[in-house]
Amino acid sequence: MSRTGVDRIPDTHTDGLPLQSAHAPRRARAAVVRQPRTALMLEDIEVAAPRDDEVRVRMVATGICHTDVVCRDGFPVPLPIVLGHEGAGVVESVGDAVQNLAPGDHVVLSFNSCGTCSNCASREPAYCHQFLGLNFGGVRLDDGTSPLSQEGKPINGNFFGQSSFASLAVVRAKNVVRVDRALPLELLGPLGCGIQTGAGAVMNALKLRTGRSIAIFGAGAVGLSAVMAARALDAGAIIVVEPNAQRRALASELGATTTLDPREGTDTLAAIKAAGTAGVDYALDTTGITAVANVAAEALLPNGVLGLLGIPPPDAQMPMNIMSLFARGIGVKFIIEGDSDPQVFIPQLIALYQAGKLPLERLIKTFPFEQINEAMAATEDGSVIKPVVLFQ
Ligand SMILES: [Zn+2]
Ligand SMILES: [Zn+2]
């Protein structure tokens with residue numbers, strides 16, 4: 001690829017600056033966390049040129065995930081930081097060693113992984129030995145630098161390898177997935193975390209078998225993605241336990257065969273057993289509530305598998321009766337990022353979307369980037385299942 005061609009990529013940003021070299025730092029608009037539990041600040045920052053194994057991506061849309069809220073509110077990430085980890089956009093420039101991506105490519109961003117540890121080598125990057133540092137450390141792990149700065153002072157970036165709450169993101173090429181240019185980028189960002197977490201839990205981690213039954217606890221973006229995946233795999237009973245009536249209704253439209261309101265004073269465990277031939281083959285907790293996880297475990301038939309992906313309180317203990325689990329041969333699996341290898345799984349999810357089996361638009365409501373704090377609030381209060389901010 002000629003540099004001349006790279007340099008002709010039009011500047012479509014609204015930063016008001018003249019066209020600059022694609023291999024120079026660029027101005028970008030970013031939402032910065034300055035203090036925990038306070039609104040994100042919309043600020044101008046500098047975004048460095050990509051290094052050899054990186055690309056710089058002009059963001060089109062970024063989904064908001066509960067983890068963004070958790071990190072804004074004090075999960076240990078260094079401040080100031082630009083969050084955001086469900087980005088989708090267009091490659092603006094590429095590092096010199098990048099061979100599989102070019103400016104103009106449409107891409108979905110996903111989480112970071114080292115690529116060399118034993119789990120990465122066996123294509124299980126969600127269990128990368130360096131997952132926490134690479135995705136929450138705020139810097140490139142090899143030299144402690146961030147690609148983001150403001151008036152010469154570094155701003156932490158690299159959140160999930162991307163920090164996509166900014167109009168430009170520097171991302172390692174290995175966590176960028178190229179997609180067909182005909183696809184709507186404003187819908188695809190959440191494939192990089194929330195959607196692949198829920199769908200991947202069912203398809204990759206639990207490996208749900210056709211005709212088998214599943215109970216899904218919580219019908220947010222992750223739980224509803226699990227519902228759609230279970231339906232796509234032709235599950236038998238798909239039972240959804242969710243207190244919000246609107247979400248129960250949507251779960252039914254997306255494939256749930258039974259929905260239950262756990263607040264009605266009914267015996268949720270008995271209701272699941274009644275709906276699922278005395279129990280279910282799989283149970284998936286997306287809530288992180290320990291009492292819910294216990295109900296999920298007790299709802300399982302012999303040889304059933306419990307998947308856990310909700311974030312519990314830091315001091316939570318496993319609430320289960322071990323003899324009860326033992327007597328049924330229950331498997332328990334904690335699931336990160338849906339056991340996904342994004343390079344493999346995101347194309348599979350896009351194929352499901354194109355087949356009409358993953359109607360992402362049913363979950364998403366868009367906000368202008370300038371309203372990112374309203375979008376964060378909509379995640380917190382549950383009024384929107386998957387807010388997505390648009391950069392143009
Ligand atoms: Zn690794
Ligand atoms: Zn996430």
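# Exercises on a predicted model

The protein donors of the zinc ion (ligand 2) are Cys65 (SG), His85 (NE2) and Cys193 (SG), at 2.1 to 2.2 Å from the ion. The coordinates come from a predicted model, so please read each solution below with that in mind.

## Exercise 1: the zinc site

Task: Work out how the donor residues of the zinc ion (ligand 2) are spaced in sequence, and which parts of the chain His85 and Cys193 tie together.

Solution. Start with the spacing: the donor residues follow the pattern C-x19-H-x107-C. Next, place two of these donors in the fold. Histidine 85 sits in the loop between strand 4 (81–82) and strand 5 (87–94), while cysteine 193 sits in the loop between helix 5 (185–188) and helix 6, so this pair ties together parts that are 108 residues apart in sequence. Finally, check the burial: both histidine 85 and cysteine 193 are buried.

## Exercise 2: two helices in contact

Task: Decide how helix 6 and helix 12 are oriented to each other, and describe what their contact is made of.

Solution. First take the geometry. Helix 6 (residues 194–205) packs with helix 12 (residues 342–354) at an angle of about 95°, and their axes are 11 Å apart. An angle of 65 to 115 degrees counts as roughly perpendicular, and helix 6 and helix 12 are therefore roughly perpendicular to each other. Then list the residues. Helix 6 contributes Ile195, Gln196, Ala199, Gly200, Met203 and Asn204, and helix 12 contributes Pro342, Phe345, Ile346, Leu349 and Leu352. Sorted by type, the residues of this contact are eight nonpolar, three polar and no charged.

## Exercise 3: the faces of helix 8

Task: Find which residues of helix 8 are buried, which are exposed on the other side, and what the buried ones pack against.

Solution. Begin with the buried residues of helix 8 (residues 245–254): Arg247, Arg248, Leu250, Ala251 and Leu254. Looking down the axis, these buried residues fall within an arc of 165°, so they line one face of helix 8. A general rule helps here: an α-helix has 3.6 residues a turn, so residues three or four places apart point the same way. Now turn to the other side of helix 8, where Gln246 and Glu253 are exposed. Glutamine 246 has 66% relative accessibility and so counts as exposed. Its C-alpha atom is separated by 9.7 Å from that of alanine 219, 27 residues apart along the chain. To finish, the buried residues of helix 8 pack against helix 7 (221–232), strand 12 (238–241) and strand 13 (258–260).

## Exercise 4: helix 10 and the loop after it

Task: Establish where the buried residues of helix 10 lie around its axis and what covers them, then describe the surroundings of alanine 299.

Solution. The buried residues of helix 10 (residues 290–298) are Val292, Ala293, Ala296 and Ala297. They cover an arc of only 140° around the axis, which puts them on the same side of helix 10. Their cover includes strand 11 (214–217), strand 14 (280–285), strand 15 (300–308) and helix 11 (322–328).

Now move to alanine 299, in the loop between helix 10 and strand 15. With 0% relative accessibility, alanine 299 counts as buried. Leaving aside neighbours within four places in sequence, alanine 299 is in contact with Leu269, Ile272, Gly279 and Val280. Between alanine 299 and glycine 279, which are 20 residues apart along the chain, the C-alpha atoms are separated by 5.2 Å.

## Exercise 5: backbone exceptions

Task: Locate the cis peptide bond between leucine 79 and proline 80, and say whether phenylalanine 160 and aspartate 339 are buried or partly exposed.

Solution. Recall the background first: most residues other than glycine have a negative phi, and most peptide bonds are trans. The bond joining leucine 79 and proline 80 is cis, with omega about -5°. Proline 80 is in the loop between helix 2 (66–72) and strand 4.

Next come the positive phi values. Phenylalanine 160 is not a glycine, yet its phi is positive, about 50°. Phenylalanine 160 lies in the loop between strand 8 (153–155) and strand 9, and is buried, with a relative accessible area of 4%. Aspartate 339 also has a positive phi, near 55°. Aspartate 339 is in the loop between strand 16 (331–334) and helix 12. Its relative accessible area is 21%, and aspartate 339 is partly exposed, since buried requires under 20%.

Note on methods: Residues numbered from 1 in each chain as written. Chains lettered and ligands numbered in written order. Predicted model: local features only at pLDDT ≥ 70, side-chain atom pairs only at ≥ 80, totals over all residues. Heavy atoms only, no water. Axes fitted to C-alpha atoms, helices over the stretch in contact; angles between N-to-C directions. Helix = DSSP H or I, 4+ residues; strand = E, 2+ residues; numbered from the N terminus. Parallel < 35°, antiparallel > 145°, perpendicular 65-115°, else oblique. Contact = heavy atoms within 4.5 Å. Nonpolar A, V, L, I, M, F, W, Y, C, P; charged D, E, K, R; others polar. Donors = N, O, S within 2.8 Å, 3.2 Å for Na, K, Ca; no water. Buried < 20%, exposed > 50% of the residue type's maximum accessible area, 1.4 Å probe, protein only. Arc of directions from axis to C-beta.
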